[in-house]
Structure formats: structure tokens, C-alpha cells
2 protein chains.
Amino acid sequence: MATAARLSRSERAALTRRELLAAAQRRFFRDGYHGTTLDDIADEAGYTKGAVYSTFKSKGGLFLALFDEVVDRRVEGIRELLAGEDTHAEKLAALARRPVDDEHPQYVLLMIEFWVHAARDPALLEAFSDSYRRLRAKLAEIAPDDAHFGRDRWATVTLALSNGMALERLIDPGGVPDDLMASAQRRLLGPEPPAAG
Amino acid sequence: MATAARLSRSERAALTRRELLAAAQRRFFRDGYHGTTLDDIADEAGYTKGAVYSTFKSKGGLFLALFDEVVDRRVEGIRELLAGEDTHAEKLAALARRPVDDEHPQYVLLMIEFWVHAARDPALLEAFSDSYRRLRAKLAEIAPDDAHFGRDRWATVTLALSNGMALERLIDPGGVPDDLMASAQRRLLGPEPPAAG
DNA sequence: GGTATCAAGATACTCACGGTATGTCGACGC
DNA sequence: GCGTCGACATACCGTGAGTATCTTGATACC
């Protein structure tokens with residue numbers, strides 16, 4: 001009667017993993033990393049904490065698995081952007097509109113929350129860095145060929161600015177207008193002006 | 001025999017508060033917000049958790065009191081910078097060298113850690129914002145008169161970039177050279193170039 | 001100067017959460 | 001079929017934020 005046929009052990013485990021990741025995404029996005037408990041996630045997925053620990057090494061491991069998937073999707077999004085027919089300027093404009101965040105605005109904050117958390121744990125930081133560098137490397141491909149900034153430097157500055165802006169927006173939601181990021185982007189891409197007085 | 005004479009109740013309480021704040025600063029700076037327990041802080045100051053809760057409303061309240069003091073000192077530092085004899089360009093250079101961090105490099109990360117934490121708690125966020133805006137307002141006074149960016153926007157972008165760079169540095173400590181911030185600053189300050197291709 | 005009061009702070013709890021140890025049951029190898 | 005082993009549940013532990021209560025000494029009042 002159940003639609004799901006009998007599953008092999010590995011199919012069963014793979015399904016559990018997917019369901020836990022989906023539940024983790026919903027909860028982490030909504031309540032943040034520290035604000036989400038493993039019981040929350042397990043409940044939402046219809047399991048118990050035992051399932052989590054039999055699938056992932058720790059809460060951090062679960063988050064990292066999720067983050068890596070999110071980066072996958074984001075990298076794919078950038079790839080499509082690059083492959084599109086738009087002019088380069090239009091690609092940059094599209095990027096400026098939603099710098100690193102997926103459809104979810106909370107995404108950036110969640111990432112930063114975990115980032116700072118991982119700063120205290122070398123193993124977590126290393127794994128996080130691996131995913132994050134993938135994102136940054138893909139982003140660097142968008143930089144114009146003739147950028148006066150190097151591509152990597154441009155990507156670094158773009159991400160730094162984008163992440164920092166997300167924090168500023170928490171303080172003054174209306175004080176960080178859409179065009180501020182776009183305007184800053186244009187300046188970052190241009191030739192360096194002489195030292196201003 | 002004890003050097004400290006008998007203290008009145010309010011003197012005693014004020015001393016306790018100072019000692020707790022000093023201990024909190026050392027511990028928070030070293031171990032981060034979530035990595036520091038109230039027992040740690042109380043121990044370090046020679047008290048128990050009871051003293052903390054009789055002096056502050058909560059762990060967050062203790063942090064906010066500390067943060068406000070740190071902002072005081074930072075604002076004072078900027079005031080001195082502004083009052084100095086240096087040229088405006090030199091002031092900006094001095095600022096670029098240590099954007100928002102006091103003498104402690106961990107300061108920025110600690111701030112961001114709490115910032116994101118406070119994002120989930122309106123009361124905490126409001127109190128944090130009050131202190132942070134004081135810092136940003138003081139920073140805005142450094143912006144050059146002829147900034148093509150508005151002063152406030154310049155301060156917002158400067159802080160966003162500085163905070164974001166601190167995060168990037170966690171990923172690649174050597175990948176964010178000193179001049180990157182300064183170079184980005186110069187671009188952000190200059191006139192907006194025509195749309196690049 | 002003695003005594004009641006009240007607040008600073010210590011002590012002893014509660015509860016939530018990450019993580020572990022162990023139990024159970026069904027898939028897989030033989 | 002039947003023993004094994006892995007997926008997951010259940011029961012537990014340690015730790016940390018926050019609370020309730022007790023102790024003690026400064027202050028106010030007589």
C-alpha cells in the first residue's frame with residue numbers, strides 16, 4: 001500500500017540523507033545555525049537524532065554537507081549566467097542584484113554565522129573553506145578580462161563587500177539601497193583613481 | 001591589611017562591574033562569544049555567576065555593555081585621528097591600516113559573531129545597533145568633503161568591506177594582502193567610472 | 001549603639017542541547 | 001533459514017544559560 005517499495009539498505013540510507021538535508025535546509029535557513037537543534041531537524045524529517053548521527057559526523061558535518069550542496073547550486077547558477085547571451089555588463093548587473101544569496105535572503109547570514117563559528121575549529125574551517133573557495137573561484141570567472149583589479153582580487157572584494165553589506169542591512173534595513181552595491185561594484189571594476197584629497 | 005579600604009555598597013558594585021567587564025573582555029576576545037561561558041568570566045574575575053546576574057541582565061547584556069565601552073574607545077581613537085595634524089590622505093591611510101579593529105585582531109570577528117547572534121533577537125539587535133551606529137557615525141566624519149559617495153554611504157561601504165575582508169582573511173590568511181583594502185578604498189572613494197565593458 | 005532592611009553575591013538548582021552508548025529490527029551474505 | 005551487520009531509536013551524560021534561594025554585611029532608622 002505504501003507507495004515506496006521496499007528499499008535496499010543503501011537506498012534507504014540515501015533517502016534518509018536527502019530528507020535530513022532538506023529538513024536541515026528549512027530549519028537552518030529559518031532559525032539559524034545555533035537556533036536550530038538536531039532534534040528539530042530530525043523531527044521535521046520524521047526521524048530521531050539517532051538518524052542524524054548515523055548519517056553525519058556532527059551538527060557541523062550536517063551543515064557542511066548542506067552548505068556544499070548550496071554552493072553546488074550557486075556555482076551552477078553562475079555557470080548559467082556566464083553561458084547566457086547577455087552582455088558582460090548585464091551579467092554584472094544581474095550579479096549585483098543578488099550577489100551571493102540564492103533565493104533566500106537568510107542564506108548569507110546563515111553562512112556567516114557558521115563561518116565565524118568554524119573560525120574556532122580548524123577542521124570545520126578547512127571544510128568550509130573548501131566549499132567557499134569553489135564559490136569564489138567560480139565567481140572570479142565573471143570578472144572582466146581587462147579588470148584593473150585581478151580576477152581573484154575582484155572576487156574576494158566582491159564577496160567581502162556583499163557579505164559586509166548583508167550585515168549592515170541588519171542594522172539599517174533601509175539604509176543599504178539596492179544601488180549602493182551596484183555603484184560600489186562599478187567603482188571596483190574601474191581603473192584606480194589617483195589618491196583622493 | 002587589605003589595600004582596599006571598606007567600600008560602600010555602590011562602590012563595591014561599581015568595582016565588581018569593572019572587574020567583570022575586564023574579565024569578559026579577555027575571555028570574549030580570546031574564545032569568542034559562544035566559546036566563553038559565564039562561569040569562565042566569573043572565575044577569571046574572582047566571582048561566581050551570581051555576581052554576573054546581579055550586575056547584568058544576561059550574557060547578551062554583559063556583552064553589550066562591553067561592546068559599548070569598546071565603541072567608546074574606538075570613537076575616541078577616531079576623534080584623535082581627526083584632530084591630528086595629518087593630511088586627509090594620511091588619515092585615510094591610517095584608517096585603512098586598521099579599519100575598525102582596536103589593537104585586537106579578534107575584535108572584528110567577535111563583533112560579527114555577536115551581530116549575527118543578535119539578528120535573531122530584536123532587543124539585542126536594537127541595543128547592538130545603537131552602539132554600532134555611533135561607531136559608523138563617527139567614521140562618517142572622516143569621509144572627504146567632496147566624496148562622490150555620500151558620507152554615510154561611504155562609512156557603510158567602508159565598514160562592510162572591512163568586516164567582509166576579516167571574514168575572507170579566515171579563509172585565506174595570506175590571500176588578503178594589506179594593500180587590497182587600501183586599493184579598494186581608493187576605488188570606492190573616487191568618481192564613478194563609466195560603465196565598464 | 002542596637003536592630004530591621006535590603007541588596008551584593010554565593011549556592012543550588014532546572015532545563016535545553018550536543019554528543020554517546022546501547023538496544024532493536026530488518027536487509028543481506030551464506 | 002539463520003547469523004551478522006548496519007540503520008535508526010532510545011536512554012543516557014556533560015555542559016552551559018538562566019533562576020530560585022540563602023547568606024552576609026552595608027545602610028537606614030530608632
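## Two chains on two DNA strands

The surface near DNA strand D is made of five nonpolar, nine polar and eight charged residues. That is how this predicted model presents one of its DNA strands to the protein, so to speak; let's walk through who does the touching.

**Strand D.** Out of 22 residues around DNA strand D, the ones that come nearest are A:T16, A:T48, A:G50, A:A51 and B:S8. Four helices each put in at least two residues here: α1 (9-31) and α3 (49-55) from chain A, plus α2 (38-45) and α3 (49-55) from chain B. Which helix gives the largest share of the surface near DNA strand D? That's α3(A), with five residues.

**Strand C.** Around DNA strand C there are 22 residues as well, and here A:S8, A:T37, B:T16, B:T48 and B:G50 are the closest. On this strand, α2 (38-45) and α3 of chain A join α1 (9-31) and α3 of chain B, each with at least two residues in the surface. Top contributor here is α3(B), at five residues.

Here are the two DNA-facing surfaces by residue class:

| Surface | Nonpolar | Polar | Charged |
|---|---|---|---|
| near DNA strand D | five residues | nine residues | eight residues |
| near DNA strand C | five residues | nine residues | eight residues |

**Inside chain B.** Now for a helix pair. Helix α4 (residues 59-83) and helix α7 (residues 122-140) of chain B pack with their axes 9 Å apart, at an angle of about 5°. Angles under 35 degrees count as roughly parallel, so α4(B) is roughly parallel to α7(B). On the α4(B) side the contact takes in B:G60, B:L64, B:F67, B:D68, B:V71, B:R74, B:V75 and B:I78. Facing them from α7(B) are B:L124, B:A127, B:F128, B:S131, B:R134, B:L135, B:K138 and B:L139. By class, this contact has ten nonpolar, two polar and four charged residues.

**Chain against chain.** How many residues of chain A are in contact with chain B? The count is 46, and they meet 46 residues of chain B. On the chain A side, the elements giving two or more residues are α5 (88-97), α6 (106-118), α7 (122-140), α8 (151-171) and α9 (178-189). The largest share of that side belongs to α8(A), which brings 13 residues. As for chemistry, the side of chain A that touches chain B splits into 26 nonpolar, twelve polar and eight charged residues.

Methods: Residues are numbered from 1 along each chain as its sequence is written. Chains are lettered from A and ligands numbered from 1 in the order in which they are written. This is a predicted model: local features need pLDDT of at least 70, side-chain atom pairs count only at pLDDT 80 or more; totals for chains, interfaces and linings use all residues. A residue is near a molecule or strand if its C-beta atom, placed from the backbone, lies within 6 Å of it. Ala, Val, Leu, Ile, Met, Phe, Trp, Tyr, Cys and Pro count as nonpolar, Asp, Glu, Lys and Arg as charged, and the others, Gly among them, as polar. Axes are lines fitted to C-alpha atoms, for helices over the stretch in contact, and angles run from 0 to 180 degrees between N-to-C directions. Angles under 35 degrees count as roughly parallel, over 145 as roughly antiparallel, 65 to 115 as roughly perpendicular and the rest as oblique. Two residues are in contact if their C-beta atoms, placed from the backbone, lie within 7 Å.
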